[in-house]
Amino acid sequence: MANEFYEQVYALVRLIPKGKVCSYGVIAEALGKFGAARQVGYALNKCPIDLPAHRVVNRKGNLSGKLNFGDDNMQKLLEAEGISVKNDQIVNFEQHFWDPIKELEI
DNA sequence: TGAGTGACTGTAA
DNA sequence: CTTACAGCCACTC
């Protein structure tokens, strides 16, 4: 690929602290692609094994790519990090939400 | 090149 | 809060 955007997405996802989650739109925004949330998801679709994609969810906190994440149970991984998941949706999403822009802005 | 697709989001109801 | 519609950008066929 050699797409810088993809690399940035991967790099940012890896920066997500354990026990925290983020939305596609925020990631796209942090990379300067305000309307490219779908591309973030597309980038994650490549899903490198070392990429904690389970920490990335949509704006509703729904595990959109749970099935696409792989054989592993995305919900289980989140719960292992202290994130409660109910009905494929993160509980207290705002509480676990991590804003890369705000964090990187420091 | 153009049409179809998608791990999305904002707005409206 | 959810559901439905439209807009959005990049990739695949």
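How far is a base oxygen of DNA strand C from an N or O atom in the side chain of Gln39? The separation is 2.2 Å. Keep in mind that this is a predicted model, and let Gln39 be our way into the rest of the structure.

Gln39 also faces the other strand. An N or O atom in the Gln39 side chain is 2.7 Å from a base nitrogen of DNA strand B. Leu44 reaches a base of that strand too, but with its backbone: one of its N or O atoms there lies 2.8 Å from a base nitrogen of DNA strand B. Gly25 uses its backbone as well, this time towards a phosphate, with an N or O atom 3.3 Å from a phosphate oxygen of DNA strand B. Two elements give two or more residues each to the surface near this strand, namely helix H2, residues 24-30, and helix H3, residues 37-46. Of these, H3 gives the most, with six residues.

Let us step back and look at the whole surroundings of DNA strand B. The strand is surrounded by 16 residues, and the closest are Tyr24, Arg38, Gln39, Leu44 and Arg59. Sorted by class, this surface holds nine polar, five nonpolar and two charged residues. What share of the DNA strand B atoms within 4 Å of the protein belongs to sugar or phosphate? The share is 36%, and the rest of those atoms belong to bases.

Now turn to DNA strand C. Around it you will find Asn3, Tyr6, Lys33, Gly35, Arg38, Gln39, Tyr42 and Gln89. Here sugar and phosphate make up 62% of the strand's atoms that come within 4 Å of the protein. One contact with a phosphate comes from Asn3, where a polar side-chain atom lies 2.6 Å from a phosphate oxygen of DNA strand C. Arg38 points to a base instead, with a polar side-chain atom 3.1 Å from a base oxygen of DNA strand C. H3 again supplies the largest share of the surface, three residues. By class, the surface near DNA strand C divides into four polar, two nonpolar and two charged residues.

With H3 giving the most to the surface near DNA strand B, what does this helix pack against inside the protein? One partner is helix H1, residues 4-15: the two pack at an angle of about 80°, with their axes 10 Å apart. That angle makes H1 roughly perpendicular to H3. On the H1 side the contact is made by Phe5, Tyr6, Val9, Tyr10 and Val13, while H3 brings Gln39, Val40, Tyr42, Ala43, Leu44 and Lys46. Nine of the residues in this contact are nonpolar, one is polar and one is charged. Some of these names are familiar by now: Gln39 and Leu44 take part in the helix contact, and both are among the residues closest to DNA strand B.

H1 has another link to follow. Side chains of opposite charge can pair when their charged atoms come close. The whole structure has three salt bridges, and one of them joins Arg14 to Asp50, with the closest N and O atoms 2.9 Å apart. Arg14 sits in H1 and Asp50 in the loop between H3 and strand S2, residues 56-57, so the pair ties together parts that are 36 residues apart in sequence.

That loop between H3 and S2 also holds Cys47. Most residues other than glycine have a negative phi. Cys47, however, has a positive phi of about 40° although it is not a glycine. Asp88 is likewise not a glycine and has a positive phi of about 60°. To find Asp88, look in the loop between strand S3, residues 85-86, and strand S4, residues 89-90.

Note on methods:
Residues are numbered from 1 along each chain as its sequence is written. Chains are lettered from A and ligands numbered from 1 in the order in which they are written. This is a predicted model: local features need pLDDT of at least 70, side-chain atom pairs count only at pLDDT 80 or more; totals for chains, interfaces and linings use all residues. Side-chain values use heavy atoms; hydrogens and water are left out. A residue is near a molecule or strand if one of its heavy atoms lies within 4 Å of it. A polar contact is a pair of N or O atoms within 3.5 Å; within protein, one must be able to donate a hydrogen and the other to accept it, and residues adjacent in sequence count only if both atoms are side-chain atoms. Helices (H or I, at least four residues) and strands (E, at least two) are DSSP runs, numbered from the N terminus. Ala, Val, Leu, Ile, Met, Phe, Trp, Tyr, Cys and Pro count as nonpolar, Asp, Glu, Lys and Arg as charged, and the others, Gly among them, as polar. Axes are lines fitted to C-alpha atoms, for helices over the stretch in contact, and angles run from 0 to 180 degrees between N-to-C directions. Angles under 35 degrees count as roughly parallel, over 145 as roughly antiparallel, 65 to 115 as roughly perpendicular and the rest as oblique. Contact means heavy atoms within 4.5 Å. A salt bridge is a side-chain nitrogen of Lys or Arg within 4 Å of a carboxyl oxygen of Asp or Glu.
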